[in-house]
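Reader: Hey, I'm new to this one. Can you put it up and walk me through it?
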Amino acid sequence: METHNTPVPEKSRRNITEIIVHCTATPAGRNVGVKEIDRWHRQRGFNSIGYHYLVELDGTIATGRTVHLAGAHCKGHNSHSIGIAYAGGLDQNGQSADTRTPAQKTALRQMLAALRRLYPQARIHSHRDFAAKDCPCFNATSEYSDI
């Protein structure tokens with residue numbers, strides 16, 4: 001797991017047909033990193049962090065699980081997807097909210113564009129397209145339909 005301000009995504013040996021956007025379901029302003037999420041996911045029985053990438057509050061993109069391995073982020077879709085999450089998703093009252101900072105918005109769009117260049121056949125989706133959740137607390141499918 002590494003952290004980069006502008007990472008160059010690696011091409012997976014897997015057949016990637018979906019890029020799925022998530023939030024960490026943490027309060028606005030609380031930065032979480034891959035080590036903390038890795039710990040949460042291991043406590044849930046995963047063998048490591050389930051996301052491939054994490055966008056931190058300042059727009060830094062951290063690498064989680066290697067793209068060569070299926071993620072653990074969207075049941076039924078992990079084998080053919082890349083999972084990218086941003087830190088946030090809840091307001092101070094614990095309610096779903098689009099808490100992305102301007103830096104996160106910029107970094108997430110840039111990373112999704114880079115991933116689409118690597119996987120032109122892949123479509124960008126919100127986690128909520130596949131699960132009864134608010135995740136990622138905004139409609140990523142429509143917001144990124146131009147990428």
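Author: Sure, a definition to begin with: a polar contact is a pair of N or O atoms within 3.5 Å; within protein, one must be able to donate a hydrogen and the other to accept it, and residues adjacent in sequence count only if both atoms are side-chain atoms. This is a predicted model, where local features need pLDDT of at least 70, side-chain atom pairs count only at pLDDT 80 or more, and totals for chains, interfaces and linings use all residues. Residues are numbered from 1 along each chain as its sequence is written, and side-chain values use heavy atoms, with hydrogens and water left out.

Reader: OK, which side chain does the side chain of Glu143 make a polar contact with?
Author: That of Arg100, at 3.0 Å. Contact in general takes heavy atoms within 4.5 Å, and leaving aside neighbours within four places in sequence, Glu143 has Arg100, Arg109 and Phe138 as its contacts.

Reader: And where does Glu143 sit?
Author: In helix α3, residues 140-143. Helices (H or I, at least four residues) and strands (E, at least two) are DSSP runs, numbered from the N terminus.

Reader: Why does Glu143 count as partly exposed?
Author: Because its relative accessibility is 32%. Buried means under 20% relative accessible area, exposed over 50%, and partly exposed in between, with a 1.4 Å probe and protein chains only.

Reader: Switching topic: how many disulfides are there?
Author: Zero, taking a disulfide as a pair of cysteine sulfur atoms within 2.5 Å. Cys23 is in none, and its nearest cysteine sulfur, that of Cys137, is 3.8 Å away.

Reader: Why no bond for Cys135?
Author: Because its closest cysteine sulfur, in Cys23, is 4.1 Å away, too far for a bond. Cys135 counts as buried at 10% relative accessibility, and Cys23 counts as buried at 6%.

Reader: What about helix α1, which residues are buried there?
Author: Val34, Glu36, Ile37, Asp38 and His41, in a helix spanning residues 34-43. Their cover includes β4 (53-55) and β5 (61-63). Just after α1, Gly45 has a positive phi of about 100°.

Reader: Last thing: which residues lie nearest the centre of the largest pocket?
Author: Cys23, Arg44, Tyr51, His127 and Lys133, out of 22 lining residues. α1 gives the largest share of that lining, three residues.

Reader: How do the lining residues divide by type?
Author: Into 11 nonpolar, seven polar and four charged. Ala, Val, Leu, Ile, Met, Phe, Trp, Tyr, Cys and Pro count as nonpolar, Asp, Glu, Lys and Arg as charged, and the others, Gly among them, as polar.

Reader: And what's a pocket here?
Author: On a 1 Å grid over the protein atoms alone, a pocket is an open set of points where a 1.4 Å probe fits, with protein on both sides within 12 Å along at least five of seven lines; lining residues have an atom within 4 Å of a point.
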